[in-house]
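Hello,

Please find the structure below, with the sequence alongside. My notes on what was found in it follow.

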Amino acid sequence: MNYKNVTIAGSGVLGYQIAFLTAFHGFKVTVYDINDAVLDKAKAKFETMSEAFKRDLNATQEQLDKTDQNLNYTSDLAEAVKDADLLIEAVPENPKIKIEFYHKLAKVAPEKTVFVTNSSTLLPSQFADATGRPAKFLALHFANNIWMHNTAEVMGHATTDPQNFKDVVAFAKAIGMLALPLHKEQPGYILNSLLVPLLSAATNLLVNDVADVQTIDKTWIKATGAPVGPFGILDIVGITTAYNINQIAAEKTNNPITIKTVKYLKENFIDKNKLGISTGEGFYKYPNPAFKNPDFLK
């Protein structure tokens, strides 16, 4: 693995975390997004990330200053990738948006650049042709709060070059991740193959009026010893991601419960900009969600 320059496309919930952590580990990072206003929001998030790194990783001010020096920003895609050894795509979890992005990217990226997608549920084979370089394309999926929940699932497709796969595994380790190689394509990878059914079951209980948010979370926390329940997890993942996943599933299956969930999330959260931790409110209010209260389980 000889990556030095890394471009992060998309500065949303996971994109800005990936960018900051990669820069923290010494890589030159360019953050790309659709306009300067979006990038300005990402820069503001990096201040929060600095505090989290101090608190959780005992990061020094010198390390954080170097991290800041390793970060650059642009809304010009050609400029963003002109020196990129690796591009990490973290655009919205929508196949049409991703395909459109890869068509644009393929026209301006250098031949050397390896592309990886951070998609939560979509397969690399769905986009391999759109990239124009299927042998240099695979998936690199991160969990949220990646400096603490530091997993990186690496998944190729039928024509991914094995050397590129090995290089991406090495890169994941170089930025402090627990690299998790998958031997074949799997919708949802490992983490979401386990997690999505839990979150779907929780939202089904909610939209069917079986129980409220806190009762469902209390059940999971008390019965399993987990530190957070499914709705707390949804706030961490980001409700936009949950909405997009359910919307795609609803279009494919026409399942009445999934359609009901999409409507519920849109009306109660998406339309009100209650997107989870990133906006300060989702199923809970932050920074002091009810489930952190010592009396939550009483």
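**Notes on the model**

N145 sits in the loop between β6 (137-142) and β7 (151-155). Please keep in mind that this is a predicted model. The phi angle of N145 is near 55°, which is a positive value in a residue other than glycine.

Another residue with such a backbone angle is Y189, whose phi is also positive and near 55°. Y189 belongs to the loop between β8 (178-181) and α8 (191-207). Is Y189 buried or exposed? Its relative accessibility is 1%, and buried means under 20%, so Y189 counts as buried.

One peptide bond also deserves a look. Y286 and P287 are joined by a cis peptide bond, with omega at about 20°. P287 is in the segment that follows α12 (256-270).

**Helix α1 and what surrounds it**

How many of the ten residues of α1 are buried? Ten of the ten are, so the helix is largely enclosed by the rest of the structure. Among the buried residues are G15, Y16, Q17 and I18, and also F20, A23 and F24. Just after α1 comes G26, with a positive phi of about 95°.

Helix α1 (residues 15-24) packs against helix α3 (residues 61-69): their axes come within 8 Å and cross at roughly 115°. That angle makes α1 roughly perpendicular to α3. The crossing of α1 past α3 is right-handed. On the α1 side the contact uses F20, A23 and F24, and on the α3 side Q63, L64 and T67. Sorted by class, this contact has four nonpolar residues, two polar ones and no charged ones. A general point helps in reading such lists: an α-helix has 3.6 residues a turn, so residues three or four places apart point the same way.

Ahead of this helix, S11 lies in the loop between β1 (5-9) and α1. S11 has a relative accessible area of 2% and is therefore buried. Which side chain makes a polar contact with the side chain of S11? That of D33 does, at 2.6 Å. Leaving out neighbours within four places in sequence, S11 also has contacts with Y16, V31, Y32, V38, A42 and K45, besides D33.

**Helix α10 and two partners**

Helix α10 (residues 230-237) packs with helix α9 (residues 213-224) at an angle of about 105°, and the two axes are 7 Å apart. The two helices are therefore roughly perpendicular to each other. From α9 the residues in contact are V213, I216, D217 and W220, and from α10 they are P230, F231 and G232. By class, five of these residues are nonpolar, one is polar and one is charged.

α10 also meets α8. The axes of α8 and α10 come within 9 Å and cross at roughly 115°, and these helices are therefore roughly perpendicular to each other. α8 passes α10 in a left-handed crossing. The α8 residues involved are L195, L198, L199, A202, T203 and L206, which meet P230, F231, I233 and L234 of α10. This contact divides into nine nonpolar residues, one polar residue and no charged residues. P230 and F231 appear in the contact with α9 and in the contact with α8.

**Two single residues**

K98 is part of helix α5 (residues 95-108). Where does its side chain place a polar atom? A polar atom of the K98 side chain lies 3.2 Å from the backbone oxygen of V91. K98 has a relative accessibility of 1%, so it counts as buried. Not counting residues up to four places away in sequence, K98 touches E89, V91, P92, E93, T117, S119, L122 and F127.

N72 is in strand β3 (residues 71-74). At 43% relative accessibility it counts as partly exposed, because that class covers values between the 20% limit for buried and the 50% limit for exposed. Beyond residues up to four places away in sequence, N72 touches V29, T30 and V31. N72 and K43 are 29 residues apart in sequence, and their C-alpha atoms are 10.0 Å apart in space.

Regards

Terms used:
Residues numbered from 1 in each chain as written. Predicted model: local features only at pLDDT ≥ 70, side-chain atom pairs only at ≥ 80, totals over all residues. Heavy atoms only, no water. Helix = DSSP H or I, 4+ residues; strand = E, 2+ residues; numbered from the N terminus. Buried < 20%, exposed > 50% of the residue type's maximum accessible area, 1.4 Å probe, protein only. Axes fitted to C-alpha atoms, helices over the stretch in contact; angles between N-to-C directions. Parallel < 35°, antiparallel > 145°, perpendicular 65-115°, else oblique. Left-handed = near helix turned anticlockwise from the far one by under 90°. Contact = heavy atoms within 4.5 Å. Nonpolar A, V, L, I, M, F, W, Y, C, P; charged D, E, K, R; others polar. Polar contact = N/O pair within 3.5 Å; in protein donor to acceptor, adjacent residues only side chain to side chain.
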